[in-house]
Each structure stands twice: as structure tokens, then as C-alpha cells.
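Trainee: I am new to this structure and would be grateful for a close look at a single buried side chain and its contacts. Please then lead me outward from there to the rest of the model.

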Amino acid sequence: MPGIWVMRIGHRPQRDKRVTTHVALTARAMGASGIFVDTADPVLEENVRSVVERFGGDYSIRTGIGWRDALNGFDGAVVHLTMYGQRLEEGLSKVPFDRDLMIVVGAEKVPFEVYEQADLNISVGNQPHSEIAALAVFLDRLTAGKNLYSERDGKMSVVPNERGKTVVERTS
Ligand code: SAM
């Protein structure tokens, strides 16, 4: 699959800092290449970059990028995750696997233009829940779980362990 990007809209730095951080980290952990966040938030950028610095991989974050700019400059397919969208299995079958993908998730009310501009509006069930959960389930289904334990060559890596915590730190 080519690059996967996430566009987080409606970010309010004070109120959403934990949720947006978790959206960004979930996207990274599950194989996305980077995230755009509509409201400028240097603290959020610093926190996410610190995880990338320690745990590795290629992952970028840019904040202060409006969804129109991100979508207009994007050469790929746009998927908007919304409880009102088509069923997950149906939507997934229409995702083009040979193009970059931009996945849009909201915070509060999402402007209707996003529904119109998206190539696909896809639901993860049609009950209201969370952008973090919707993104995790969608990415897991999209990638068939293959990024969950992929090697990121970070300074720190966690070794799966039946009990206890094993973390290997690279010194060089
Ligand atoms: N009430 C808002 C609306 O009408 O757009 C949704 C708010 S919800 C807390 C925040 C985001 O979570 C949504 O914008 C959507 O991206 C995602 N989300 C929540 N439930 C979802 C579902 N069942 N399927 C897909 N995405 C969902």
C-alpha cells in the first residue's frame, strides 16, 4: 500500500490535546506516514516528534494545515471516517490500493463539504464513538494488522513479553 496520511480536523489545543495526540500516535503505530492537524499546536508537534525520535520510523506531523489545503494539494484518495458513512466492509472494498490515502477524522461537527469532497465516507459501525477507535479499526482492517509489530529501528524497542516489560535501548 502506498502512503497513508491522516487529516485531523477541529483540533482545539487545550481541550483535545490528549485525544489528538492519541490520534497521531495510533496512526503512527498502525502504519501511517504522517498526520496533518488543522490548528497550529507546537506542543503537540513536539510530543509526537519525541515519540518518533525514541521509537523510530518515518512519521511526520504538521499542524496549522487546514483541511482544504491538505485535501486540495493531495494526489490520492480521500476517506472520511464518519458514523453516517457506508459500511466498513463495503467502503474498504472500494479503497484503491495503488494510490496514497488521506483519512479524515473529526472532533466536533465536521463541515458538510468534507462529506462532499471525500471519495469515500466510511463508517466503523453506525453508532457514535471516537476518532481514535474509528481510525484504529479502519487502519487495522485496511492493513490486515501487518504494522502492529513491524520494526521501526528506534533508539528504543519493546520486546513482546508474556509478563513484565522488556525494552531494548540501542546505544549507537
Ligand atoms: N458529531 C460529530 C459529527 O456529526 O460529525 C462527530 C463527533 S465524533 C466524537 C469525532 C469523530 O470520530 C468523527 O468526526 C469521526 O471521524 C469519528 N467517528 C465517531 N464515530 C464514528 C463511527 N461510528 N464511524 C466512523 N467514524 C466515527
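**A side chain and its surroundings**

Mentor: The side chain of T63 and the side chain of E45 form a polar contact at 2.6 Å. Please keep in mind that the model is predicted.

T63 is located in strand 3, which covers residues 60-63. A polar atom of the T63 side chain also lies 2.9 Å from the backbone nitrogen of D41. With residues up to four places away in sequence left out, T63 touches V37, T39, A40, D41, L44 and E45. Both partners in these polar contacts, D41 and E45, therefore appear in that list, and T63 itself counts as buried because its relative accessibility is 14%, where the cut-off for buried is under 20%.

V37 offers a way onward. This residue is touched by T63, and V37 is also among the contacts of R8. R8 belongs to strand 1. Its relative accessibility is 0%, so R8 counts as buried. The R8 side chain reaches the backbone oxygen of G106 at a distance of 2.4 Å. Apart from neighbours within four places in sequence, R8 is in contact with D16, V19, T20, V23, I35, F36, V37, D38, V105, G106, A107 and E131.

P2 provides a contrast in accessibility. P2 is placed in the segment before strand 1, the strand of residues 4-8. Its relative accessibility is 30%, and P2 therefore counts as partly exposed. Residues up to four places away in sequence aside, P2 touches F97, D98, R99 and D100. The C-alpha atoms of P2 and P96 are separated by 9.9 Å, although these residues stand 94 residues apart along the chain.

Two of the contacts of R8, V105 and E131, lead to the core and to the ligand. V105 is also in contact with L81, whose other contacts beyond four places in sequence are I103, V104, I122, A134, L135 and F138. L81, I103 and F138 have the most contacts inside the largest nonpolar core, a set of 31 residues. Helix 6 gives this core its largest share, five residues. A further core of 15 residues lies apart from it, and I65, L71, V78 and M102 are among its members. In soluble globular proteins, nonpolar side chains tend to be buried together.

L81 also takes part in the surroundings of the ligand. Of the 18 residues around the ligand, the closest are L81, V124, G125, Q127 and H129. A polar backbone atom of L81 is 2.6 Å from an oxygen atom of the ligand. For G125, a backbone N or O atom lies 3.0 Å from a nitrogen atom of the ligand. E131, already met as a contact of R8, has a polar backbone atom 3.2 Å from an oxygen atom of the ligand. The ligand would expose 570 Å² if taken alone, and the protein buries 82% of that area. Strand 4 (77-86) and helix 6 (131-143) are the elements that give two or more residues to the shell around the ligand. Strand 4 supplies the largest share, four residues. Sorted by class, the shell has nine nonpolar, seven polar and two charged residues.

Terms used. Residues numbered from 1 in each chain as written. Predicted model: local features only at pLDDT ≥ 70, side-chain atom pairs only at ≥ 80, totals over all residues. Heavy atoms only, no water. Near = heavy atom within 4 Å. Polar contact = N/O pair within 3.5 Å; in protein donor to acceptor, adjacent residues only side chain to side chain. Areas by Shrake-Rupley, 256 points an atom, 1.4 Å probe, with all protein chains shown as cover. Nonpolar A, V, L, I, M, F, W, Y, C, P; charged D, E, K, R; others polar. Core = buried A, V, L, I, M, F, W, Y, C linked by side-chain atoms within 4.5 Å. Buried < 20%, exposed > 50% of the residue type's maximum accessible area, 1.4 Å probe, protein only. Contact = heavy atoms within 4.5 Å.
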